[in-house]
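Q: I am new to reading protein models and would like a close look at one part of this one. Please start with the whole chain, then move to the part and stay with it for a while.

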Amino acid sequence: MDEEYDVIVLGTGLKECILSGLLSVDGLKVLHMDRNDYYGGESTSLSLVQLWKRFRSNDKPPELLGSSREYNVDMIPKFMMANGTLVRVLIRTGVTKYLNFKAVDGSFVYNNGKIYKVPATDVEALKSTLMGLFEKRRARKFFIYVQDYEDDDPKSHEGLDLNKVTTRDVISKYGLEDNTVDFIGHALALHRDDSYLDEPAIYTVKRMKLYAESLARFQGGSPYIYPLYGLGELPQGFARLSAVYGGTYMLNKPECKVEFDTDGKAYGVTSEGETAKCKKVVCDPSYLPDKVKKVGRVARAICIMSHPIPNTNDSHSVQIILPQKQLGRRSDMYVFCCSYAHNVAPKGKYIAFVSTEAETDHPETELKPGIDLLGPVDETFFDIYDRYEPANHDEQDNCFISTSYDATTHFESTVQDVISMYKKITGKELDLSVDLSAASAAGEDA
Amino acid sequence: MATIGNNSINAKLVLLGDMGTGKSSLVLRFVKGQFLEFQESTIGAAFFSQTLAVSDATVKLEIWDTAGQERYHSLAPMYYRGAAAAIIVYDISRMESFERAKKWVQELQKQGNPSMVTSLVGNKCDLEDKREVLTEASEARTYAEDNGLFFMETSAKTAINVNDIFYEIARRLPRAQPAQQPAGMVIADRPAEISRASTCCS
């Protein structure tokens, strides 16, 4: 370890592992360390025994729940958009070959106390019970406009410059009701709050198209896919990529203290009395607590169940979005459920997560609307964790710190952070041009 | 996990063993027929596939190399996941590497699936004058027998027994697998190649 590296990466969370992989592929000499003896940091997946150790301070989960090893409980539960940026990164780097995926069964939205399948196309809009007869037709027209919209084809713009016109104005042109706007903005365009209404409509239209194209890709009931054995496989896959390109891996390294010279620039990392030198340090917020600021908190419940979530057509994997307005909150609530069908629990078991940006100190009360959708549960764990953002200037200290994972149920914001960090570290844009139309799923029944 | 098509089997094979025992050299010798005297530590490619014809089946081995992650004991659980076969390699000229191979066997028993086909390989058997690990008597072979492993000595340099281990593994892979959990889909940017490997026309 007493060598000089281009970059030392601390923490093996998903963001750090993707960066480590990309930098190694670029030919940089990378040392990657973690204080834990497992991969994944905050974005790991835990066995039942690990889960009990973390939340119940003992290692004796009830035998009724089955084998500990068959559980892979995500600490940061998220789904991947089938056409999203994470899939692009996976294909671009070839990490897909280490992983197996399955489509997610369903995507639902909460409306006036009930849940509905999210209609994403003109055909689905007409079938949905979410809207009345006349509203369906209006929504259908709007969906057709979005589907046909192409940046470089002015005819498809119908006289609207979506880079200037706000989402609110476009929606009022189609005369959509508030409830419809709510599900379009939060369950299709996946906005986290209502600020999108006053932003240029192009952002919302692009997000709706991503949703619809992702949905069409694998003919599943949702636009999402999810890896078998849980999300903890993702950081491991990227770590392998990094190692294949010469990256050095060390787990279970205590301390990992970043060393600074008299100008305040990081020049190395010390662990167990040895200092490895480097030009740059990349890490998650926990390795440089003095250089980050708290920007929020995530409240969540982790529930183990023996049945699918009611009213989801017995989906073995599902997402439910509860838009803020429906709950009288400032931020959306998300329900995420996975099961033995994705090898994250033993046969017959389901794992559900309810999460939101915390607005109070009482996750039990705050998360109730989401938990009430689940029906009876075998075990529930409540948790609140802080979210941090870097507060340093990387040009002054050579430290590149990732932002904590947010409560959203997909990876778009995660990968955006990685892309911008990559640019800061290397000074170049990440090339994510892949031919998604040539990419396809194979071996569904292999 | 080994999966079955029409007499065709796909199986993941993992290599284990300490740094410098010649894991990558064995794979290179087998897959490409090459040997480099000063093979660098594994860089760039750690994923090979090779199709073997044995008497009753075609076996496609997906061979995973450690990519150097064994050096500081940082192999990820993903590495062992779904492996149908494993080769544990030591260097006959270094007793220490044999002692470490026993640790890898234990690790495999902890992480891997119990029906895995496992072989113990004493590599560099061309270095007879520097031998530290005895073949017979109380050492390698006995240890392998006691632990249900099949044993061979090889030389990636001279090619002795290299193909034999891989063919022996292909022969020993279970032909009838109990119904596995669904394997899910692989997302590929070259759809044709993947589908050829995993579909059949039954």
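How many helices and strands does chain A have? And in what order do the seven strands of its open sheet come?

A: The model is predicted. Chain A has 14 helices and 20 strands. Its radius of gyration is 22 Å, close to the 22 Å that the globule rule gives for 446 residues, so chain A is as compact as a globular protein of that length. Taken along the principal axes, its C-alpha atoms fill a box of roughly 70 × 55 × 45 Å. Of the 446 residues, 52% count as buried. Among contacts in chain A with a separation of 6 or more, 70% are between residues 24 or more positions apart.

The domain assignment splits chain A into domain 1 (4-43 + 232-293 + 388-426), domain 2 (51-105 + 295-387) and domain 3 (118-217). The centres of domain 1 and domain 2 of chain A, taken over C-alpha atoms, are 26 Å apart. Their contact takes 24 residues from domain 1 and 26 residues from domain 2 of chain A. On the domain 1 side, helix 1 (14-25), helix 9 (233-244), strand 18 and helix 14 (412-426) of chain A each supply at least two residues. Helix 9 of chain A gives the largest share of that side, with five residues.

Now to the sheet. In chain A, seven strands form an open sheet in the order 8-7-15-16-17-14-18, and the pairing is mixed. Strand 8 (114-117) and strand 18 (379-390) of chain A are the edge strands, each pairing on one side only. From one strand to the next, the twist averages 25 degrees.

One pair in this sheet can be followed residue by residue. Strand 15 (residues 318-322) and strand 16 (residues 333-339) of chain A pair in the antiparallel sense over five bridges. One of the partnerships joins A:Q319 to A:F336, which is in strand 16 of chain A. A helix lies against the sheet as well: helix 7 (residues 178-188) of chain A packs on it and touches strand 7 (106-111) and strand 15 of chain A. The direction of helix 7 makes about 140 degrees with that of strand 7 of chain A. As background, strands of a sheet pair through backbone hydrogen bonds, either parallel or antiparallel.

Next, a residue outside the strands that makes contact with this sheet. A:L373 lies in the loop between helix 12 (368-371) and strand 18 of chain A. Is A:L373 buried or exposed? A residue is buried if 20 or more other C-beta atoms lie within 10 Å of its own. A:L373 has 22 such atoms, so it is buried. Leaving out residues up to four places away in sequence, A:L373 touches A:I115, A:I309, A:I320 and A:V335. Of these, A:I115 falls within strand 8 of chain A, A:I320 within strand 15 of chain A, and A:V335 within strand 16 of chain A. A:L373 and A:I320 are 53 residues apart in sequence, yet 9.5 Å separate them in space, C-alpha to C-alpha.

A second residue belongs to a strand of the sheet itself. A:M305 lies in strand 14 (residues 292-305) of chain A. A:M305 counts as buried because it has 21 C-beta neighbours inside 10 Å. Its contacts, again not counting residues up to four places away in sequence, are A:Y350, A:A352, A:L374, A:V377 and A:D378. Distance along the chain can also go with distance in space: A:M305 and A:G273 are 32 residues apart in sequence and 46 Å apart, C-alpha to C-alpha.

For contrast, here are other strand pairings in chain A. Three strands form an open sheet in the order 5-9-6, with antiparallel pairing. Its edge strands are strand 5 (80-81) and strand 6 (101-103) of chain A. Strand 6 and strand 9 (residues 224-227) of chain A pair over three bridges, and A:F101 stands opposite A:P227 of strand 9. Elsewhere, strand 11 (residues 257-260) and strand 12 (residues 266-271) of chain A pair in the antiparallel sense over four bridges. There, A:V258 has A:V269 in strand 12 of chain A as its bridge partner. This hairpin has five residues between the strands, and A:G264 in it takes a positive phi near 80 degrees.

Definitions and conventions
Residues numbered from 1 in each chain as written. Chains lettered and ligands numbered in written order. Predicted model: local features only at pLDDT ≥ 70, side-chain atom pairs only at ≥ 80, totals over all residues. Pairing = 2+ DSSP bridges. Axes fitted to C-alpha atoms, helices over the stretch in contact; angles between N-to-C directions. Contact = placed C-beta atoms within 7 Å. Rg over C-alpha atoms; globule rule 2.2 N^0.38 Å. Buried ≥ 20, exposed ≤ 12 C-beta atoms within 10 Å, placed from the backbone. Domains from an automatic or database assignment.
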